[in-house]
Structure formats: C-alpha cells, structure tokens
Number of protein chains: 2
Amino acid sequence: MKIAFQGEHGAYSEAAIFEHYSETHQTVPCETFDAVFSSVIKGITDCGFIPVENSMAGSIHRNYDLLLQNPLVVVGEHYTRVRHCLIGLPGATITGLRKVISHPQALAQCEQYLLSLKNVQSEPVYDTAGSVKMVRDLGDPAIAAIASRQAAEIYEMPILAEHIEDNAENSTRFQIIACQPVLPGEDAKTSIVFALKNQPGALFRAMSVFALRDIDLTKIESRPLASKSWEYFFYIDLAGSTEEQNIKNALSNLEEYATFFRVLGSYPRQRILNG
Amino acid sequence: MKIAFQGEHGAYSEAAIFEHYSETHQTVPCETFDAVFSSVIKGITDCGFIPVENSMAGSIHRNYDLLLQNPLVVVGEHYTRVRHCLIGLPGATITGLRKVISHPQALAQCEQYLLSLKNVQSEPVYDTAGSVKMVRDLGDPAIAAIASRQAAEIYEMPILAEHIEDNAENSTRFQIIACQPVLPGEDAKTSIVFALKNQPGALFRAMSVFALRDIDLTKIESRPLASKSWEYFFYIDLAGSTEEQNIKNALSNLEEYATFFRVLGSYPRQRILNG
C-alpha cells in the first residue's frame, strides 16, 4: 500500500504509520494536508494518515474542514504518544541557543520547556521534520528544532534534549482516510458531521437521539460554518458502527431535523495506546 | 481607562477598542496574550481586550486556556467585522509578490485569495500590524503583509488590495477581561467553564440543566484537560446573567455533578455588529 502523510520524512505522522501497520508500506510525503487529500482522491496513494486531535493542544481544525470538503471516508484511527526532541547542529549547546523553530503545535506542546530556556525566541515553521532540515541548512548553532527522534536520525543531527513536551501524557489521534469505506467490525467508532437550525435547545435535542439510546459519544467538536456567521458544524464521534440498528435509528432521527448531515465513516476502534 | 491588547499599534484588537467605546481611552500594546492578562492582573491596565472567536477560523484557543489559568472575569464582549488589506512597499505590485506574511489567523482567512496569487508563498508571523512593520523594514517589494487599514496608515504603507478576506461575513468576537465583575444589566450573557466525569451521557445531562429551563446556549467549545488525556473542559456561553434565579438554579444544578466548575463572568450582551 501507498500511504500519504503531511510533512517530510521523519514527521510524526510517518512514525505513526510505521507504528500502526504490522506490514511495511510505502510512505508518501506531502507538503500540505490538502495535498494528502488530493493524493488519495487522485489514486496516487491508497490512503492518507491525518492528525485530527492532540491531547494537549486540541483539534487540528484544518483537517476537520478538509474532511467536510472532500468526498473521502474515515476507515481507521490511531493513537500515539508524542515525544518531542530538541535537535541542533553538531557541537550546539542548549545554553548557546537563541532561537527554536518548529510547527506551531509542537511549539505549543513544549511551551513551558521553551519558557525555561532564557532569551530563546520560538518561531513557527510549517513542519517538524522540515525544521530539522532547516537547522542543518542554516548552519547556525544558536538555532535548534523540535521534532521526532526519527527526524534527528534521518538528518543525522544530535538530540540536545529529549521528552521536552510539557505533559508526559501528550498523545495524538490520527484518522485514516480513503476512497472506499471498510467493514468496521464489532468494536467500532463512527464519525459524523451535522448542522442545526440556530435555535434554543437545538444541540440538546440532537444529543438526545444518542443519550436516549445509550450511545456513547467519545468526542464533540464545533466549527463555524464559513457561509454563515456564528452558526456551526458539529463533529461527533460515537461508539458503534452504522451496521448496528440503534445507531441507524439514532442517525435517521438526527437527519430528520439537521440542516446538514453526513456520515464521515465507521471504522475499527483503537483501544490500546502505542508507544 | 487604560486598555491592554495583543499586538502592535494598528492591530485589529486596537481598532475594536476604539469601535467599542464612545469615549477615548489609552490603548496599551502587549507582545503576547499572556502579557495582556498579566498587565490587567498587575493593575498596569484597567482591562484587556482579547479575541476569543472568529466566524471563519474558529476559536482562539490560547485565550480560552488563559481565561481558565488566570483569576480575571469577563466584563464585556464586542463583535466586529474583519476587513483584511494586502499592504506592500511603495511601488510594489501584486504581480511582483513572492511572499505574504501575517498572523496565521489572517492568512487562514485569506486562504482562497492567497491561492489565487500564483507562486506566492505565505509565511506565519506573530502579529498582523507587526507584519506591516516587518515588510517596511525588510524593504523587499516582493514581500507584502496582511493587516488592517489602520496598520497601513500608522506605518504609512500603500494598500495593494482591500477586502481580501474569503468571506465578507468575516467577523471576530472579543471579550473584555478585568479584575472585578460588572453589573451585567437586563440583556446579559454568562460564560462558564466546567469538566465532567468521562462517562456516557455526561454532556447530555449537563446540557439538560439549561434545556429544561429554556436557557439559550449561544456557544459551546471543548478543550482538552492538559492533566488528563482525552478528557475535556467545556466552555459554554448562555443568554442571561447570574443575577437571574433560573440561571442560578441551572448553575447550582450543574455544579452538583461537575468535576470542575467556574463562572467566568456575566456581562452585557452585544446585539449589534459594528463596522
């Protein structure tokens, strides 16, 4: 299989792909999340691995928006621990640093650590693994990057500090996107997105279709509708698959009064956190 | 009054302060949102003006996190239209551009416009008004900034294009933070934050305390608890103030089974969108 991910070789997404599959697959780096979606739609790759949420920094909203804009389905999920490394040039020291570059999410996840380094400025760049490549190419020992252990190995750069994330529980959830749905099996999750009339109690009524059937919601997320100020799309993940009768009933009940409704996919639930 | 805002003079937040008050107040620029909160806590300023949500790009999560971490209260809100300008050096042309810099939220709100400019790369920097200053100081006509009309005027730089936001409805909601609560009056809103046991139906039960009393929720937002993976804080805005008996009842009902509960503030509701 060919699997698309955002970033350069050594990205956290690529490490998650290797962790998720027991077999070896070909990983295809893409510059942007948009490019990951296009690559799957055009059939250049069989599926894409996209981060949707981090346990500390919250949702990666761009991917929620792209899920809605593209005709792909969610076929799987993967949770992984995030262990950030501070990576510099050979000979660089932590006390000699003046700037740390990385993806804004990585910088946010190491905020306390970065504040503990005196007089070090942080600067957002587009990619974690890419930031290591930039540090190598800039050749300035006062600049370091935050990225994965794999990125340090790929670019043959020393790790100045490990586990610099503010919270040891730091983990990221990925969703796997493809053109065709899968059979989710018995222990499944379903992701849906819907919009409601902007009126009192609307979301409460929407949630009642699940609560009255004892369906467990594992996640709720709201995103503004681009077309209408201060109205929202709601993204919900629930335990169970669209093959189950009570889920079918709940969803058709919701569809009755939603102004927009789409099932993003049913897929096998991952219960064990790797790494 | 002295009012703190994030950014340099010419920032959208500063423009919103001038729009909100009929009297003239002294505006105090701060480098970060953290600095806005500190400035109010230390009494250097009387209140702070912080953006909490944009109708297109969604919530500014950093400020939700800071509201929780700091002992300040919300005393007001302000909605404003966002009109983005492309600002370059004197003599610069749109066709000659190679790079556009601005705050990531401003870049996100002009995404379609930026994609329509061929071979132009976008680069995130910390501030919209600051990006105009950077363009002026860099002196390269191939680089432009996205910021407000006010920023162009302050730095005496020409506007290359106006209204470049992807959606004309683009608006931002600010909250005003201070040390002491205000009397919110009759047409009020209340902001609260709470956490729940991670069990099926928990959020549904939490929302029922409002639905059963016909209390209108105007916003719901979830943020991960940094201390515990995959558990959430819920931020809710509701119509009404803590002076009203039914709101008091609903909140004390919610407090009974919330694992964490705090009222961020009751404040006058703004119904008219300025600008």
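These are my notebook entries on what I looked up in a predicted model with chains A and B.

**Entry 1: how the two chains meet**

I began with the contact between the chains and found that 27 residues of chain B are in contact with 27 residues of chain A. On the side of chain B that touches chain A, helix H8 (202-211) and strand S13 (217-224) of chain B each supply at least two residues, and S13(B) gives the most, with six residues. Sorting that side of chain B by class, I noted 13 nonpolar, nine polar and five charged residues.

I then looked up how one copy maps on the other: a rotation of 180 degrees, with 0.0 Å of shift along its axis, superposes chain B on chain A with an RMSD of 0.0 Å. The two copies are thus related as by a two-fold rotation axis. I also noted that 100% of the interface residues of chain B are interface residues in chain A as well, so the copies meet through the same surface.

**Entry 2: domains of chain A**

For chain A, I wrote down a division into domain 1 (2-80 + 171-178), domain 2 (85-162) and domain 3 (188-268). The centres of domain 1 and domain 3 of chain A, taken over C-alpha atoms, are separated by 23 Å, and 11 residues of domain 1 of chain A are in contact with 11 residues of domain 3 of chain A. Helix H3 (61-69) and strand S5 (73-81) of chain A each supply at least two residues of the side of domain 1 that touches domain 3. The residues on that side of domain 1 divide into six nonpolar, three polar and two charged.

**Entry 3: strand S11 of chain A**

Next I turned to strand S11 (residues 171-178) of chain A, and asked how many of its residues are buried. I found that eight of its eight residues are. From S11(A), A:Ser171, A:Arg173, A:Gln175 and A:Ile177 point one way, while A:Thr172, A:Phe174, A:Ile176 and A:Ala178 point the other way, and all are buried.

I then looked up the strands that pair with S11(A). Strand S3 (residues 47-54) of chain A pairs with S11(A) in the antiparallel sense over six bridges, and A:Asn54 has A:Thr172 as its bridge partner in S11(A). S5(A) also runs antiparallel to S11(A), and eight bridges join the two; here A:Gly76 has A:Ile176 as its bridge partner.

**Entry 4: the nonpolar core and helix H6 of chain B**

I looked up the largest nonpolar core, which has 158 residues, and noted that those with the most contacts inside it are A:Ile87, A:Val132, B:Ile87 and B:Val132. I followed B:Val132 further: leaving out residues up to four places away in sequence, B:Val132 touches B:Gly10, B:Ile87, B:Ala145, B:Ala147, B:Ala151, B:Ala152, B:Tyr155 and B:Met157.

In helix H6 (residues 128-138) of chain B, the buried residues include B:Val132, along with B:Thr128, B:Ala129, B:Gly130, B:Ser131 and B:Val135. The buried residues of H6(B) pack against helix H1 (12-20), strand S6 (85-87), S7, helix H4 (104-109), S9 and helix H7 (149-154) of chain B. After H6(B) comes B:Gly139, whose phi is positive, near 70 degrees.

**Entry 5: strand S7 of chain B**

As S7 of chain B is among the elements that H6(B) packs against, I looked up its own partners. Strand S7 (residues 99-102) and strand S8 (residues 121-124) of chain B pair in the parallel sense over four bridges, with B:Ile101 opposite B:Glu123 in S8(B). S7(B) also runs parallel to strand S9 (residues 143-147) of chain B, to which three bridges join it, and B:Lys99 has B:Ile143 as its bridge partner in S9(B).

**Entry 6: single residues checked for exposure**

Last, I checked a few residues one by one, for which 12 or fewer other C-beta atoms within 10 Å means exposed.

- A:Asp214 has a positive phi near 55 degrees without being a glycine, and is found in the loop between helix H8 (202-211) and strand S13 (217-224) of chain A. A:Asp214 counts as exposed because it has 10 C-beta neighbours inside 10 Å.
- B:Asn119, also not a glycine, has a positive phi of about 60 degrees, and its place is in the loop between helix H5 (111-116) and S8 of chain B. With 7 C-beta neighbours inside 10 Å, B:Asn119 counts as exposed.
- A:Gln26 is found in strand S2 (residues 26-30) of chain A, and is exposed, with 10 other C-beta atoms within 10 Å. A:Gln26 lies 25 residues from A:Met1 in sequence, and the two are 6.2 Å apart in space, C-alpha to C-alpha.

How values were computed
Residues are numbered from 1 along each chain as its sequence is written. Chains are lettered from A and ligands numbered from 1 in the order in which they are written. This is a predicted model: local features need pLDDT of at least 70, side-chain atom pairs count only at pLDDT 80 or more; totals for chains, interfaces and linings use all residues. Two residues are in contact if their C-beta atoms, placed from the backbone, lie within 7 Å. Ala, Val, Leu, Ile, Met, Phe, Trp, Tyr, Cys and Pro count as nonpolar, Asp, Glu, Lys and Arg as charged, and the others, Gly among them, as polar. Copies are superposed by least squares on the C-alpha atoms of residues with pLDDT of at least 70 in both. Two strands pair if DSSP finds at least two bridges between them. A residue is buried if 20 or more other C-beta atoms lie within 10 Å of its own, exposed if 12 or fewer, and partly exposed in between; C-beta atoms are placed from the backbone. A nonpolar core is a set of buried Ala, Val, Leu, Ile, Met, Phe, Trp, Tyr and Cys residues joined through C-beta atoms within 7 Å. Domain bounds come from an automatic or database domain assignment.
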